[in-house]
Amino acid sequence: MKKLKVAIIGCGNVSKVHFAATTTNPSAQLIAVCDIKEDRAQSASAKYGVPYYTDYEEALALGPDIIHVCTPHHNHAEIAIAAAKRGIHILTEKPMAVTLHDADRMIRAAEDNKVTLGVIFQNRYNPSSLAIKEAVTSGALGKVLGGRLFVTWLRDDEYYSKSDWKGTWDMEGGGVLIDQAIHTMDLMQWIMGPIDSLEGSIHNRTHDIIHVEDVAEATIVFQNGAIGSLYACNFYTYDADVFLEVHGENGVARLEKDRAIIRLQGQPDKVIFPEGDGEVIGKSYWGVSHKTQIDEFYDDVLAGRPVKIDGVAGRKALEFVRAIYYSGTHNGERVTFPFAEPRGFTPPSLTRK
Ligand SMILES: NC(=O)c1ccc[n+]([C@@H]2O[C@H](COP(=O)([O-])OP(=O)(O)OC[C@H]3O[C@@H](n4cnc5c(N)ncnc54)[C@H](O)[C@@H]3O)[C@@H](O)[C@H]2O)c1
C-alpha cells in the first residue's frame, strides 16, 4: 500500500497532536520536521527519527505528499502557497490565515495546482457537535430562531509574554476571537448556516502588553432569519466551558465544552457525552478530535476525494472573525456578507495607555 509521505512544519505546542496522529496512522510516514527554532526541530527529529530542517523550503524540496502547517498564523499562507506550487497537499491549523485576502490566495493556489487544502477545526468531529448539527439538519429542532455563544477563558499578560507572536495584529492577527473563540464561532456558523450581517465591538480592557482585543461581542443575523449573540473574552478567572446554544421552534440544542444536551418539547433530554476512549494529548480544551480529522484527511487524499473542511469551509470562520474586527473598528457598522474585506485592512493597536 502506498504510504503518504508527511512533513510537519512548526514544532511548537500544537505539533504534538499532529505528530501523534501521523505516527499512528498506518497510511502515513513522517519524513521530516521543520522549525525555525533549531532546538525544537532537533528535539522532534530525535524523538521521531527523521531529518530536521530550519527552512521549510528544504523540507518541501524532499517531496512530501502532505505538509501540516503548525506555525504562527501570519505565515500559514506563505508556507501553504509554497507547498501548493510544488504539488504538495496542505493541512493547516486554524485560522487558515490572518486576512481574507491571504485565505483567498491559498484557496486559489490549491485549485491552480490541483492539491487538497484542509483546515483544522477538529471540534466539528466531536460527537456533541455532530449531534447538534444533526438536530438542525434533520429538522428535529424545527426552524432555527436564535443562537448564543460564550467563550470566557483566561489568557493573562504572562501567557502573552511567553510568546514571540501572540497579542499582535500582524502575527496572531487578533486576540480572543481569532485564536480562542474561532473554534466555537466555526461551529456556530456551520450549524446555524450562512451569516447575512453582523454588528460587533472589540476592546482591550485588561491586558497591558497586547495590541489586540481581549473582549468582543457581536449581534449576528443569519440568512435563515435567526439572530445570534456572541460574547468572548480572555480575562475571565479560568477557562470556563465554552457554551453554544441553538434555539429552534421545537426546543434547544446546547453545547457545553464537549457535551451536548438536546431538549425537544415533549421529549426527555438527550445528552451526548464525549467519546470515552480518546486520549487527551496537549491541552484538554483542544479536545480529542485532531486525530479523527487528520486520519480522514489522509483517507480523502489517498482516495482523491474532497475533504470536508477545505479552504472554502475554513475561510468562513475567518470571515466571521474579520467581519467583527471590521465592525468593531468602524463604530459597530453593520457588515453584510459576503464580507468584502478592504485590502490591507488591519485594526489599530488596542494597547492600553
Ligand atoms: N486546533 C487547536 O486546538 C489548536 C491548539 C493550539 C494551537 N493551534 C494552532 O496551531 C498553530 C501553532 O500554534 P502553537 O500554539 O503550536 O504555536 P507555537 O508558538 O507553540 O509553535 C509554533 C512554532 O512554529 C515555528 N515557526 C515559526 N515560523 C516558522 C517558519 N517559517 N517555519 C517553520 N517553523 C516556524 C515556531 O518557531 C514555533 O516553534 C496556530 O495556528 C494555532 O492557532 C490550534
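Begin the tour by selecting Ile-90 and Leu-117: Leu-117, in strand E6, is the bridge partner of Ile-90. The structure is a predicted model, in which local features need pLDDT of at least 70 and side-chain atom pairs count only at pLDDT 80 or more, while totals for chains, interfaces and linings use all residues. Residues are numbered from 1 along each chain as its sequence is written, and side-chain values use heavy atoms, with hydrogens and water left out.

**Strands E4, E5 and E6**

Next, display strand E5 (residues 89–92) and strand E6 (residues 117–119), which pair in the parallel sense over three bridges. Two strands pair if DSSP finds at least two bridges between them; strands (E, at least two residues) and helices (H or I, at least four) are DSSP runs, numbered from the N terminus. Add helix H5 (residues 100–112), which makes a right-handed β-α-β unit with E5 and E6. A crossover is right-handed if, with the strands pointing away from the viewer, the path from the first strand over the helix to the second runs clockwise.

Now select strand E4 (residues 66–69), which runs parallel to E5 and is joined to E5 by four bridges. Here Ile-66 has His-89 of E5 as its bridge partner. With helix H4 (residues 76–85), E4 and E5 form a right-handed β-α-β unit.

Show the side chains of E5: His-89 and Leu-91 point one way, Ile-90 and Thr-92 the other way, and all are buried. Buried means under 20% relative accessible area, exposed over 50%, and partly exposed in between (1.4 Å probe, protein chains only).

**Aromatic rings**

A search of the whole structure finds seven aromatic pairs. Rings of Phe, Tyr and Trp (its six-membered ring) pair if their centres lie within 6.5 Å; planes under 30 degrees apart count as stacked, over 60 as edge-to-face and the rest as tilted.

Select Phe-19 and Tyr-48, whose ring centres are 4.5 Å apart with planes at 20 degrees, so this pair is stacked. Phe-19 belongs to helix H1 (residues 15–23) and Tyr-48 to helix H2 (residues 38–48), 29 residues apart. Phe-19 is buried at 3% relative accessibility, whereas Tyr-48 is partly exposed at 25%.

Move to Tyr-326 and Phe-339: their ring centres lie 5.4 Å apart and their planes are at 55 degrees, so the pair is tilted. Tyr-326 is in helix H10 (residues 311–328), and Phe-339 is in the segment after strand E15 (335–336). Tyr-326 is buried at 15% relative accessible area, and Phe-339 is buried at 7%. Add Phe-345 to the selection, since ring pairs link Tyr-326, Phe-339 and Phe-345 into a cluster.
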